[in-house]
Amino acid sequence: MHFVRRWFASYVLLACTSCCAIGQVAPLLDPAQTHAIPTFTIPPVVPGASYERLIVIGDMGTGRPDQYKVAAAMALRAKSDHVDFILTVGDNFYENGVSSVGDPQWKSKFEEVYADPALQLPIYPSLGNHDHRGDPKAQVEYSQRNKNWKMPAQYYTFTHALGDGTTVQYFAIDSDPIQRAGGDSGEQLTWLDSELAKSTARWKIVFGHHPLYSNGEGHGDNEAMIAKVDPLLTKHHVDVYLCGHDHTLEIFKPIDGVHHVVTGAGGGPDMAYGVAWTDEAYYAATLGGFTLLRVGKSEIVVEFVRLDGRTQYAHTITK
């Protein structure tokens with residue numbers, strides 16, 4: 001199955017390249033503009049029920065105009081949907097991470113971009129491969145400088161309780177050493193196995209940078225992540241794995257009970273990768289956006305929001 005997906009993505013990329021004259025770049029097609037969007041409904045909010053709402057972004061830290069476009073759409077939805085917090089799935093800073101808590105990129109690629117009052121929310125980050133080109137510990141230390149940046153370690157977990165007592169546990173992983181050849185990941189994988197095993201939360205959501213499964217033409221499936229992380233997600237009945245790395249928006253049909261969501265479109269159109277929409281996916285898109293999750297006792301609603309602030313597709317995970 002994975003071989004077929006990688007072959008198909010490579011074929012699409014080769015065909016696109018071969019049809020262009022040397023020196024020309026083929027326009028990037030968004031399959032969500034050419035593929036019929038499946039019919040979807042968003043369950044109405046139940047009066048008196050408890051929910052939390054979060055935005056998930058990844059691969060955003062350029063400081064360029066298209067990052068601001070995504071941020072503006074985020075602000076629109078944060079206001080209308082009363083978002084509680086934000087998660088990042090890595091590559092918070094291009095191209096080479098940050099060097100320290102005093103690095104000017106904190107201002108130009110984070111503070112100024114997300115300055116809208118509606119986005120002054122708790123942010124729970126994870127690290128990407130570009131963040132590892134700088135000093136990852138500086139992103140942990142920035143938590144002491146900015147009260148909204150909540151990163152106690154390079155991998156960590158936290159639990160929220162909804163008003164009705166429903167518990168939601170989030171697990172941030174540092175996927176770069178896990179998938180890198182020779183990376184030191186044994187301690188982290190032992191930690192993840194232990195934390196998932198002792199969790200009593202109704203919902204378990206793991207987030208990190210590298211996907212296990214992706215139809216993105218930039219990277220695609222990651223065999224090291226599949227080998228090392230997939231068994232833990234399946235063993236401990238994780239509900240959702242959120243990731244980036246491919247600069248796309250995707251949600252797959254459940255794989256061994258786990259819903260895989262790629263949300264690496266936070267840098268906007270100028271950072272976009274091509275993506276194939278296969279039968280294994282409910283939805284696939286490119287050219288910028290983010291995901292919005294509404295978590296309640298009985299369902300998680302995953303919305304894919306584009307640059308106009310509107311939901312193009314939504315999928316509901318029930319329990």
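Trainee: Where does Gly257 lie?
Mentor: This is a predicted model. In it, Gly257 touches Val238 and Asp239, leaving out residues up to four places away in sequence. Gly257 itself lies in the loop between strand 8 and strand 9.

Trainee: Is Gly257 buried, partly exposed or exposed?
Mentor: Buried means under 20% relative accessible area, and exposed means over 50%. Gly257 has 49% relative accessibility, so it counts as partly exposed.

Trainee: What is the C-alpha to C-alpha distance between Gly257 and Thr234?
Mentor: In sequence, Gly257 and Thr234 are 23 residues apart. In space, their C-alpha to C-alpha distance is 7.0 Å.

Trainee: Which residue has a positive phi in the loop between strand 7 and strand 8?
Mentor: Most residues other than glycine have a negative phi. The loop between strand 7 (240–243) and strand 8 (249–252) holds His245. Its phi is about 75 degrees, and the residue is not a glycine. The name is His245.

Trainee: What is the relative accessible area of Asp59?
Mentor: Asp59 is another residue with a positive phi, near 55 degrees, and is not a glycine. Asp59 lies in the loop between strand 1 and helix 3. Asp59 counts as buried because its relative accessible area is 0%.

Trainee: Which two residues are joined by a cis peptide bond?
Mentor: Most peptide bonds are trans. Here one bond has an omega of about -10 degrees, and it is cis. Glu95, on one side of it, sits in the loop between strand 2 and helix 4. The joined residues are Tyr94 and Glu95.

Trainee: Which residues does Thr62 contact, leaving aside neighbours within four places in sequence?
Mentor: Start with its place: Thr62 is in the loop between strand 1 (51–57) and helix 3. Thr62 is buried, because its relative accessible area is 10%. Its contacts beyond those neighbours are Gln67, Tyr94, Lys109 and Met271.

Trainee: Which backbone nitrogen does the side chain of Thr62 reach?
Mentor: The distance is 3.0 Å. A polar contact needs N or O atoms within 3.5 Å. The nitrogen belongs to Arg64.

Trainee: Which residue meets the side chain of Arg64 in a salt bridge?
Mentor: Side chains of opposite charge can pair when their charged atoms come close. For Arg64, the N to O distance in the bridge is 2.9 Å. The pair links distant parts of the chain, 206 residues apart. The partner lies in the loop between strand 9 (259–263) and strand 10 (281–285), and its name is Asp270.

Trainee: Are Arg64 and Asp270 buried, partly exposed or exposed?
Mentor: Arg64 has a relative accessible area of 35%, so it is partly exposed. Asp270 has 36% relative accessibility, so it too counts as partly exposed.

Trainee: Are Arg294 and Glu299 buried or exposed?
Mentor: The side chains of Arg294 and Glu299 meet in a salt bridge at 3.3 Å, N to O. Glu299 is in strand 12 (residues 299–305). At 13% relative accessibility, Glu299 falls under the 20% cut-off. Both residues of the pair are buried.

Trainee: Which residues does Glu299 touch, not counting those up to four places away in sequence?
Mentor: Arg294 is one of them, and the two side chains make a polar contact at 3.3 Å. The full list is Tyr51, Trp203, Arg294, Thr316, Ile317 and Thr318.

Trainee: Which residues are joined into one network by salt bridges that share partners?
Mentor: The model's salt bridges come to 13. Among them is the pair of Lys107 and Glu112, with N and O 4.0 Å apart. The network joins Arg77, Asp81 and Glu303.

Trainee: How many cavities of 30 Å³ or more are there, and what is the volume of the largest?
Mentor: Rolling a probe the size of a water molecule over the atoms shows where empty space is left. The count comes to one cavity. Its volume is about 90 Å³.

Trainee: Which residues are closest to the centre of the largest cavity?
Mentor: The lining has nine nonpolar, three polar and one charged residues. Helix 3 (65–81), strand 2 (85–88) and helix 4 (105–111) each give two or more residues to it. Closest to the centre are Ile57, Met60, Thr88, Phe110 and Tyr114.

Technical notes:
Residues numbered from 1 in each chain as written. Predicted model: local features only at pLDDT ≥ 70, side-chain atom pairs only at ≥ 80, totals over all residues. Heavy atoms only, no water. 1 Å grid on protein atoms, 1.4 Å probe; cavity = no way out; pocket = protein on both sides within 12 Å on 5 of 7 lines; lining within 4 Å. Points joined across faces, edges and corners; volume = space filled by probe spheres on them. Helix = DSSP H or I, 4+ residues; strand = E, 2+ residues; numbered from the N terminus. Nonpolar A, V, L, I, M, F, W, Y, C, P; charged D, E, K, R; others polar. Buried < 20%, exposed > 50% of the residue type's maximum accessible area, 1.4 Å probe, protein only. Polar contact = N/O pair within 3.5 Å; in protein donor to acceptor, adjacent residues only side chain to side chain. Contact = heavy atoms within 4.5 Å.
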